[in-house]
Amino acid sequence: MGEATAERGAAELMIDLIISLDGYASAEGWPGWWGLEGPEYLAWLEQEGEKGYTFLLGANTYRLMSGMSEEAAAGGSGYSEEEGASLTGLAALPKVVFSSTLPGPLTWPNSQLVSGDAVAAVAELKRTATAPLSTLGSLSLCRSLLSAGLVDRFRLVVFPVITGRTGRERIYDGYPDVALEMVDSRTFDGRLQLLEYVPTVLSGPPGSGPA
(Lines give C-alpha, C1' and ligand atoms only; values in the text may rest on other atoms or scores of the structure.)
Protein backbone atom coordinates (compact mmCIF):
# COMPACT_ATOMS: atom_id res chain seq x y z
CA MET A 1 0.00 0.00 0.00
CA GLY A 2 1.39 3.35 -1.00
CA GLU A 3 1.15 6.34 1.29
CA ALA A 4 1.55 10.08 0.72
CA THR A 5 2.75 12.37 3.46
CA ALA A 6 2.93 16.15 3.50
CA GLU A 7 5.82 17.72 1.63
CA ARG A 8 7.92 19.53 4.20
CA GLY A 9 8.85 23.05 3.23
CA ALA A 10 9.90 26.29 4.85
CA ALA A 11 6.31 26.94 5.97
CA GLU A 12 3.91 24.49 7.57
CA LEU A 13 0.36 24.25 6.26
CA MET A 14 -2.57 23.55 8.57
CA ILE A 15 -6.16 22.73 7.71
CA ASP A 16 -8.17 24.36 10.48
CA LEU A 17 -11.89 23.60 10.78
CA ILE A 18 -14.77 23.87 13.21
CA ILE A 19 -17.18 20.99 12.95
CA SER A 20 -20.37 19.58 14.43
CA LEU A 21 -20.21 16.07 15.87
CA ASP A 22 -21.88 14.73 12.71
CA GLY A 23 -19.44 16.38 10.34
CA TYR A 24 -20.96 19.68 9.22
CA ALA A 25 -19.22 23.04 8.95
CA SER A 26 -22.38 25.06 9.63
CA ALA A 27 -26.12 24.69 10.14
CA GLU A 28 -29.06 26.69 8.86
CA GLY A 29 -30.66 28.86 11.53
CA TRP A 30 -27.94 28.30 14.11
CA PRO A 31 -25.72 31.20 15.32
CA GLY A 32 -21.99 31.33 14.70
CA TRP A 33 -20.02 28.69 16.60
CA TRP A 34 -23.42 27.01 17.12
CA GLY A 35 -23.87 29.44 20.01
CA LEU A 36 -21.41 27.48 22.16
CA GLU A 37 -18.33 29.71 22.22
CA GLY A 38 -17.03 30.32 25.72
CA PRO A 39 -14.30 32.44 27.34
CA GLU A 40 -11.57 29.77 27.10
CA TYR A 41 -12.23 29.17 23.43
CA LEU A 42 -12.41 32.87 22.60
CA ALA A 43 -9.16 33.55 24.46
CA TRP A 44 -7.49 30.74 22.51
CA LEU A 45 -8.77 32.18 19.22
CA GLU A 46 -7.21 35.51 20.14
CA GLN A 47 -3.89 33.84 20.90
CA GLU A 48 -4.01 31.97 17.60
CA GLY A 49 -4.60 35.24 15.76
CA GLU A 50 -1.26 36.51 17.05
CA LYS A 51 0.76 33.67 15.50
CA GLY A 52 1.16 35.38 12.13
CA TYR A 53 -0.67 32.92 9.88
CA THR A 54 -1.21 33.64 6.21
CA PHE A 55 -4.72 32.42 5.45
CA LEU A 56 -5.64 30.49 2.31
CA LEU A 57 -9.20 30.57 0.97
CA GLY A 58 -11.31 30.04 -2.11
CA ALA A 59 -13.74 32.33 -3.90
CA ASN A 60 -16.91 31.33 -2.05
CA THR A 61 -15.31 31.75 1.37
CA TYR A 62 -13.81 35.05 0.26
CA ARG A 63 -17.21 36.40 -0.78
CA LEU A 64 -18.84 35.21 2.43
CA MET A 65 -16.16 36.27 4.90
CA SER A 66 -15.33 39.61 3.31
CA GLY A 67 -19.02 40.52 3.31
CA MET A 68 -19.44 39.49 6.93
CA SER A 69 -16.30 41.40 7.91
CA GLU A 70 -17.59 44.56 6.26
CA GLU A 71 -21.00 44.16 7.93
CA ALA A 72 -19.38 43.71 11.34
CA ALA A 73 -17.17 46.77 10.83
CA ALA A 74 -20.21 48.87 9.90
CA GLY A 75 -21.94 47.97 13.18
CA GLY A 76 -25.59 47.16 13.82
CA SER A 77 -25.20 43.82 12.05
CA GLY A 78 -26.59 41.59 14.78
CA TYR A 79 -23.28 39.83 15.40
CA SER A 80 -22.25 39.26 19.00
CA GLU A 81 -19.36 41.34 20.30
CA GLU A 82 -17.05 38.33 20.02
CA GLU A 83 -18.19 37.46 16.49
CA GLY A 84 -17.80 41.07 15.37
CA ALA A 85 -14.28 41.35 16.76
CA SER A 86 -13.25 38.08 15.10
CA LEU A 87 -14.70 39.13 11.73
CA THR A 88 -13.30 42.66 11.66
CA GLY A 89 -9.88 41.40 12.78
CA LEU A 90 -9.61 39.26 9.64
CA ALA A 91 -9.19 42.40 7.52
CA ALA A 92 -5.74 43.04 8.96
CA LEU A 93 -4.44 39.51 8.38
CA PRO A 94 -2.66 38.38 5.18
CA LYS A 95 -4.87 36.28 2.92
CA VAL A 96 -4.27 34.43 -0.36
CA VAL A 97 -7.43 33.84 -2.39
CA PHE A 98 -7.51 31.16 -5.09
CA SER A 99 -10.06 31.83 -7.84
CA SER A 100 -10.34 31.91 -11.62
CA THR A 101 -13.59 33.92 -11.47
CA LEU A 102 -13.06 36.72 -8.97
CA PRO A 103 -12.02 40.02 -10.60
CA GLY A 104 -8.95 41.75 -9.24
CA PRO A 105 -7.82 43.71 -7.44
CA LEU A 106 -9.62 42.36 -4.38
CA THR A 107 -11.23 44.93 -2.10
CA TRP A 108 -10.85 43.13 1.23
CA PRO A 109 -7.62 44.51 2.74
CA ASN A 110 -4.49 42.36 2.67
CA SER A 111 -5.94 39.90 0.14
CA GLN A 112 -3.83 38.56 -2.75
CA LEU A 113 -5.59 36.94 -5.71
CA VAL A 114 -4.09 33.83 -7.35
CA SER A 115 -5.89 32.70 -10.50
CA GLY A 116 -3.71 29.71 -11.38
CA ASP A 117 -3.65 26.16 -10.04
CA ALA A 118 -4.14 26.29 -6.26
CA VAL A 119 -2.22 23.09 -5.48
CA ALA A 120 0.85 24.24 -7.42
CA ALA A 121 0.65 27.73 -5.90
CA VAL A 122 0.42 26.40 -2.35
CA ALA A 123 3.31 24.00 -2.94
CA GLU A 124 5.40 27.02 -3.97
CA LEU A 125 4.15 29.01 -0.96
CA LYS A 126 5.21 26.21 1.35
CA ARG A 127 8.66 26.28 -0.21
CA THR A 128 9.18 30.04 -0.04
CA ALA A 129 7.02 31.47 2.76
CA THR A 130 8.41 32.09 6.22
CA ALA A 131 5.07 32.51 8.01
CA PRO A 132 2.85 29.52 8.80
CA LEU A 133 -0.08 28.86 6.45
CA SER A 134 -3.63 28.00 7.46
CA THR A 135 -6.85 27.46 5.56
CA LEU A 136 -9.93 29.55 6.33
CA GLY A 137 -13.11 27.60 5.63
CA SER A 138 -12.90 26.65 1.93
CA LEU A 139 -13.80 22.97 2.08
CA SER A 140 -12.99 22.23 -1.57
CA LEU A 141 -9.58 23.85 -1.25
CA CYS A 142 -8.88 21.88 1.93
CA ARG A 143 -9.81 18.63 0.18
CA SER A 144 -7.52 19.37 -2.77
CA LEU A 145 -4.55 20.32 -0.59
CA LEU A 146 -4.95 17.27 1.62
CA SER A 147 -5.28 14.92 -1.36
CA ALA A 148 -2.09 16.40 -2.81
CA GLY A 149 -0.14 15.60 0.38
CA LEU A 150 0.59 19.23 1.19
CA VAL A 151 -0.97 19.38 4.66
CA ASP A 152 1.28 19.19 7.74
CA ARG A 153 -1.41 19.55 10.41
CA PHE A 154 -5.14 18.74 10.41
CA ARG A 155 -6.91 20.53 13.26
CA LEU A 156 -10.54 20.37 14.30
CA VAL A 157 -12.56 22.00 17.03
CA VAL A 158 -15.53 19.69 17.57
CA PHE A 159 -18.76 21.31 18.80
CA PRO A 160 -21.11 19.01 20.76
CA VAL A 161 -24.13 19.29 18.47
CA ILE A 162 -25.74 17.02 15.90
CA THR A 163 -27.29 19.01 13.06
CA GLY A 164 -28.61 16.18 10.93
CA ARG A 165 -31.67 18.16 9.83
CA THR A 166 -30.17 21.64 9.45
CA GLY A 167 -26.48 20.88 8.80
CA ARG A 168 -24.84 22.48 5.77
CA GLU A 169 -21.47 21.87 4.11
CA ARG A 170 -20.48 18.27 4.85
CA ILE A 171 -16.78 18.41 5.51
CA TYR A 172 -15.50 14.95 4.59
CA ASP A 173 -17.39 14.26 1.35
CA GLY A 174 -14.88 13.49 -1.41
CA TYR A 175 -11.92 13.04 0.95
CA PRO A 176 -9.34 10.31 0.36
CA ASP A 177 -8.64 7.78 3.10
CA VAL A 178 -6.38 9.45 5.66
CA ALA A 179 -4.48 8.10 8.67
CA LEU A 180 -4.26 10.60 11.54
CA GLU A 181 -1.59 10.70 14.25
CA MET A 182 -2.79 12.80 17.18
CA VAL A 183 -0.28 15.42 18.33
CA ASP A 184 -2.47 17.67 20.49
CA SER A 185 -5.84 17.76 22.18
CA ARG A 186 -7.60 19.90 24.75
CA THR A 187 -11.06 20.88 25.96
CA PHE A 188 -12.41 24.43 25.99
CA ASP A 189 -15.07 25.54 28.46
CA GLY A 190 -15.84 21.95 29.38
CA ARG A 191 -17.56 21.23 26.05
CA LEU A 192 -15.50 22.01 22.93
CA GLN A 193 -12.84 19.50 21.92
CA LEU A 194 -9.70 20.49 19.99
CA LEU A 195 -8.09 17.63 18.07
CA GLU A 196 -4.86 18.13 16.11
CA TYR A 197 -3.27 15.48 13.89
CA VAL A 198 -0.45 14.84 11.45
CA PRO A 199 -2.24 13.44 8.36
CA THR A 200 -1.03 10.72 6.03
CA VAL A 201 -3.03 10.23 2.82
CA LEU A 202 -3.53 6.53 2.07
CA SER A 203 -3.82 4.86 -1.32
CA GLY A 204 -6.11 2.23 0.20
CA PRO A 205 -7.20 0.67 3.51
CA PRO A 206 -4.42 -0.53 5.81
CA GLY A 207 -3.27 -4.00 4.82
CA SER A 208 -4.68 -3.80 1.30
CA GLY A 209 -1.33 -3.42 -0.42
CA PRO A 210 1.44 -5.93 -1.14
CA ALA A 211 2.98 -7.57 1.89
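# A guided tour, starting at strand β9

Begin by selecting G167, which lies in strand β9, and keep in mind throughout the tour that this is a predicted model. With a relative accessibility of 10%, G167 counts as buried, and once its neighbours within four places in sequence are left aside, the residues in contact with G167 are Y24, S26 and A27.

Stay in this region and add T163 to the selection, a residue in the loop between β8 (153–159) and β9. T163 has a relative accessibility of 2% and is therefore counted as buried, since the cut-off for that class is under 20%. Not counting residues up to four places away in sequence, T163 touches S20, D22, Y24, A27, W30 and W34. Show Y24 and A27 with some care here, as they are among the residues touched by T163 and are also in contact with G167.

Next, follow the chain past the end of β9 to D177, which is placed in the loop between β9 (167–170) and β10 (178–188). G167 and D177 are ten residues apart along the chain, and a line drawn between their C-alpha atoms spans 23 Å. A second line, from the C-alpha of D177 to that of L156, gives 17 Å for two residues that are 21 apart in sequence. Is D177 buried, exposed or partly exposed? Its relative accessible area is 42%, so D177 is partly exposed. When residues up to four places away in sequence are not counted, D177 touches T200, V201, L202, G204 and P205.

The next stop is a group of aromatic side chains, for which it helps to show the rings of W33, W34, Y41, W44, F159 and F188, because ring pairs link these residues into a cluster. How many aromatic pairs does a search of the whole structure find? The search finds ten, and one of them is formed by W33 and Y41, whose ring centres are 6.1 Å apart and whose planes stand at 90°, so that the pair is edge-to-face. Both partners can be coloured as buried, W33 with a relative accessible area of 13% and Y41 with a relative accessible area of 1%.

Between W33 and Y41 in the numbering, select E37, which lies in the loop between β3 (24–27) and α1 (39–48). E37 is buried, with a relative accessible area of 19%, a value that falls under the 20% cut-off for this class. Beyond the residues up to four places away in sequence, E37 touches G32, L42, S80 and R191. It is also worth drawing the line from E37 to E82, as the two are 45 residues apart in sequence while their C-alpha atoms are 9.0 Å apart in space.

Now turn to two helices, and select α4 (residues 118–128) together with α5 (residues 139–147), whose axes come within 10 Å and cross at roughly 65°. The two helices are therefore roughly perpendicular to each other, and α4 passes α5 in a right-handed crossing. To see the contact itself, show the side chains of A118, V119 and V122 on α4 and of L141, S144 and L145 on α5. Sorted by class, this contact of α4 with α5 has five nonpolar residues, one polar residue and no charged residues.

Remain on helix α4 for a moment and pick A123, which lies in that helix and counts as partly exposed, with a relative accessibility of 29%. Although A123 and A148 are 25 residues apart in sequence, the distance between their C-alpha atoms is 9.3 Å.

The last stops concern the backbone. Most residues other than glycine have a negative phi. Select S138, in the loop between β7 (133–135) and α5, and look at its backbone, where phi is positive at about 55° although the residue is not a glycine. S138 is buried, with a relative accessible area of 8%.

Finish at N110, which is found in the loop between β5 (95–98) and β6 (111–114). N110, too, has a positive phi, of about 65°, and is not a glycine. With a relative accessibility of 46%, N110 counts as partly exposed, whereas S138 is buried.

Note on methods:
Residues are numbered from 1 along each chain as its sequence is written. This is a predicted model: local features need pLDDT of at least 70, side-chain atom pairs count only at pLDDT 80 or more; totals for chains, interfaces and linings use all residues. Side-chain values use heavy atoms; hydrogens and water are left out. Helices (H or I, at least four residues) and strands (E, at least two) are DSSP runs, numbered from the N terminus. Buried means under 20% relative accessible area, exposed over 50%, partly exposed in between (1.4 Å probe, protein chains only). Contact means heavy atoms within 4.5 Å. Axes are lines fitted to C-alpha atoms, for helices over the stretch in contact, and angles run from 0 to 180 degrees between N-to-C directions. Angles under 35 degrees count as roughly parallel, over 145 as roughly antiparallel, 65 to 115 as roughly perpendicular and the rest as oblique. A crossing is left-handed if the near helix is turned anticlockwise from the far one by less than a right angle, and right-handed if clockwise. Ala, Val, Leu, Ile, Met, Phe, Trp, Tyr, Cys and Pro count as nonpolar, Asp, Glu, Lys and Arg as charged, and the others, Gly among them, as polar. Rings of Phe, Tyr and Trp (its six-membered ring) pair if their centres lie within 6.5 Å; planes under 30 degrees apart count as stacked, over 60 as edge-to-face and the rest as tilted.
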